[in-house]
Amino acid sequence: MKYLKTTIKNVIFCCLLTAINANAQLTDATSPLHTLQPDYPTPYVVPQREAVKAVLDRVYNFLEDNSASKIINASTKAEITDYKKKDIDITFAPGAFRLTSYEWGVTYAGMLLASKATGENYYADYSNKRIKLITDIAENYPAKNIKDPDMLKTLHPEALDFAGALCAAFIKAKQDGLKANIDPLVNNYIDFISNKQFRLEDGTLARNRPQDNTLWLDDMFMSVPALAQMGKYTGDVKYFDDAVKQVNQFSKRMFNQEKGIYMHGWVQSMSVHPQFHWARANGWAVMAMVELLEVLPKEHPGYSEVLSQLEAHIAGLVKYQDGTGFWHQLLDRNDTYLETSATAIYTYSIARAINRGYIDGLAYAPAVLLGWNAVESKVNDKGQVEGTCVGTGMGFDPAFYYYRPINVFAAHGYGPVLLAGAEVIMLLKDNEFEMNDSSLQLKLKK
């Protein structure tokens with residue numbers, strides 16, 4: 001019994017000593033608590049350019065292997081290389097993605113930018129090969145012989161989705177040196193945007209779905225970059241004027257000044273306008289403004305308005321960035337899922353705005369790097385982009401947005417990841433970053 005009591009005393013003494021030591025280690029008097037490493041869910045580090053490029057390479061390899069780069073005989077499936085044999089039914093070779101959708105317009109632009117950022121030609125070759133293929137089909141084959149329905153949609157657009165993003169990417173490729181006859185397609189696209197797409201009475205681009213006279217925030221991107229690039233390509237100021245008008249008139253109806261973000265849809269016949277701040281649509285809007293400012297002459301009377309709107313939108317977006325670095329599917333509803341494509345678009349757009357001097361890099365660059373670290377975590381070993389919301393219409397209830405599926409074959413994620421990585425590489429080239437008192441900071445140039 002005496003031995004048992006002694007043992008119990010020793011155990012109690014050891015426990016007390018351990019508790020005292022533990023408490024001593026956790027007091028500010030015995031340890032610099034501010035240096036303790038937080039348990040960050042997303043790496044809280046300065047990205048390295050080589051690591052960013054490695055992510056872009058994985059995406060490139062996946063897309064090169066899984067998107068068509070040739071046309072085949074629709075019946076025999078044999079590759080077609082002689083376009084002079086015109087009386088043949090053709091289609092694209094099998095692939096996981098459509099080559100003529102707006103998502104792939106973004107992807108072509110992303111590959112072109114990745115080539116500039118890294119100096120590697122194979123990124124640009126990806127886009128140039130496929131853009132030339134599309135122009136060759138348009139030049140050599142009548143519609144009756146084209147059996148790919150999406151190719152027919154881009155030859156005869158019935159919606160902005162099959163015109164705007166491709167138009168902008170084709171012009172960029174041409175100006176970067178692509179040797180292809182893009183003009184017939186580009187003129188066709190811009191004619192649709194300027195003259196055939198439905199508009200409200202004041203000229204704002206609109207659709208008659210899901211209700212008559214509906215504005216889709218997405219359509220800022222489906223039109224403005226194409227108009228902007230056409231203004232640069234032709235020197236005709238009317239395209240710049242229309243692009244500025246679209247930004248201003250969409251913003252007047254759809255931008256929430258208090259929150260600093262846009263609603264997804266606006267229906268003219270509604271007496272009130274339900275506000276669902278869908279993340280990717282806000283991405284299309286911020287990217288449209290960045291793309292417009294890239295080519296809009298500074299002396300244009302609308303330049304300062306677009307710049308002010310961009311500044312206001314970026315300030316609003318950054319307020320809603322999650323601690324993981326991502327943004328939520330509905331920006332102002334933290335119980336919606338974290339979404340990759342919007343996060344990548346914001347990362348690209350804010351980084352480009354910094355790189356072009358539109359906004360304060362000291363204030364916003366840390367959010368960009370955190371955003372990239374989040375995006376990088378969603379590119380798996382195969383080069384697939386995880387966590388991307390599939391194509392999405394417009395809803396006026398929360399369930400519609402809360403439960404939209406995600407899928408690695410949602411094409412919307414790939415172009416934004418390429419754009420974001422490329423722009424982050426350029427941000428890292430031109431700036432130094434440091435961990436300053438444990439926080440990620442832009443290092444001021446002296």
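Biologist: Why does tyrosine 122 count as partly exposed?

Modeller: This is a predicted model. In it, tyrosine 122 has a relative accessibility of 24%. Buried means under 20%, exposed means over 50%, and partly exposed is in between. So 24% makes tyrosine 122 partly exposed.

Biologist: What makes tyrosine 60 buried?

Modeller: Its relative accessible area is 13%. The cut-off for buried is under 20%, so tyrosine 60 qualifies.

Biologist: How many aromatic pairs does the structure hold?

Modeller: The structure holds 21 aromatic pairs. Tyrosine 60 and tyrosine 122 form a tilted pair.

Biologist: Why is the pair of tyrosine 60 and tyrosine 122 called tilted?

Modeller: The ring centres are 5.0 Å apart. Rings pair if their centres lie within 6.5 Å, so the distance passes. The planes stand at 50°. Stacked needs under 30 degrees and edge-to-face needs over 60, so 50° leaves tilted.

Biologist: Which parts of the chain does this pair link?

Modeller: Distant ones. Tyrosine 60 is in helix H2, residues 49-66, and tyrosine 122 is in helix H4, residues 121-140. The two tyrosines are 62 residues apart.

Biologist: What makes the pair of tryptophan 327 and tyrosine 346 edge-to-face?

Modeller: The angle between the planes is 85°. Edge-to-face means over 60, so the name fits. The rings are 4.9 Å apart, centre to centre.

Biologist: Where do tryptophan 327 and tyrosine 346 lie?

Modeller: Tryptophan 327 lies in strand S7 (residues 327-328), and tyrosine 346 lies in helix H13 (residues 340-355). The pair therefore ties together parts that are 19 residues apart in sequence.

Biologist: Are tryptophan 327 and tyrosine 346 buried or exposed?

Modeller: Tryptophan 327 is buried, at 1% relative accessible area. Tyrosine 346 is buried too, at 0%. Both values are under 20%, so both residues meet the cut-off.

Biologist: Which residues form an aromatic cluster?

Modeller: Phe62, Phe97, Trp104, Phe409 and Tyr414 form one.

Biologist: Which residues touch the most other members of the largest nonpolar core?

Modeller: Leu63, Tyr108 and Phe170 do, in a core of 143 residues. Helix H11 supplies the largest share of this core, twelve residues.

Biologist: What is phenylalanine 170 in contact with, leaving aside neighbours within four places in sequence?

Modeller: The partners are Tyr108, Ile131, Ile134, Thr135, Ile182, Leu185, Val186 and Tyr189.

Biologist: How much of the protein counts as buried?

Modeller: Of its 446 residues, 54% do. The fold has 16 helices and ten strands. Of the contacts between residues at least 6 apart in sequence, 69% join residues at least 24 apart.

Biologist: What makes glutamate 299 exposed?

Modeller: Its relative accessibility is 68%. Exposed means over 50%, so glutamate 299 passes. Glutamate 299 sits in the loop between H11 and helix H12 (303-319). From glutamate 299 to aspartate 161 is 31 Å in space, C-alpha to C-alpha. In sequence, glutamate 299 and aspartate 161 are 138 residues apart.

Biologist: What lines the second largest pocket?

Modeller: Aspartate 161 is one of the lining residues; among the others are Arg98, Lys153 and Phe162. About 160 Å³ of space lies in this pocket. Its lining divides into four nonpolar, two polar and five charged residues.

Biologist: How many residues line the largest pocket, and which lie nearest its centre?

Modeller: The lining has 16 residues, with Lys116, Lys172, Gln229, Glu294 and Arg352 nearest the centre. The pocket holds about 290 Å³ of space. By class, the lining has six nonpolar, two polar and eight charged residues. H3 gives the most, four residues.

Biologist: Why is the largest cavity called a cavity and not a pocket?

Modeller: In a cavity a 1.4 Å probe fits but cannot get out, whereas a pocket is an open set, so the way out decides the name. The largest cavity has a volume of about 90 Å³. The count comes to one cavity of 30 Å³ or more.

Biologist: How do the residues lining the largest cavity divide by class?

Modeller: Nine are nonpolar, one is polar and two are charged. The lining includes Gly105, Lys172 and Glu291. Lys and Glu count as charged and Gly as polar, so these three fall outside the nonpolar class. H6 gives the largest share of this lining, four residues.

Definitions and conventions: Residues numbered from 1 in each chain as written. Predicted model: local features only at pLDDT ≥ 70, side-chain atom pairs only at ≥ 80, totals over all residues. Heavy atoms only, no water. 1 Å grid on protein atoms, 1.4 Å probe; cavity = no way out; pocket = protein on both sides within 12 Å on 5 of 7 lines; lining within 4 Å. Points joined across faces, edges and corners; volume = space filled by probe spheres on them. Core = buried A, V, L, I, M, F, W, Y, C linked by side-chain atoms within 4.5 Å. Buried < 20%, exposed > 50% of the residue type's maximum accessible area, 1.4 Å probe, protein only. Contact = heavy atoms within 4.5 Å. Phe/Tyr/Trp six-rings, centres within 6.5 Å; stacked < 30°, edge-to-face > 60°.
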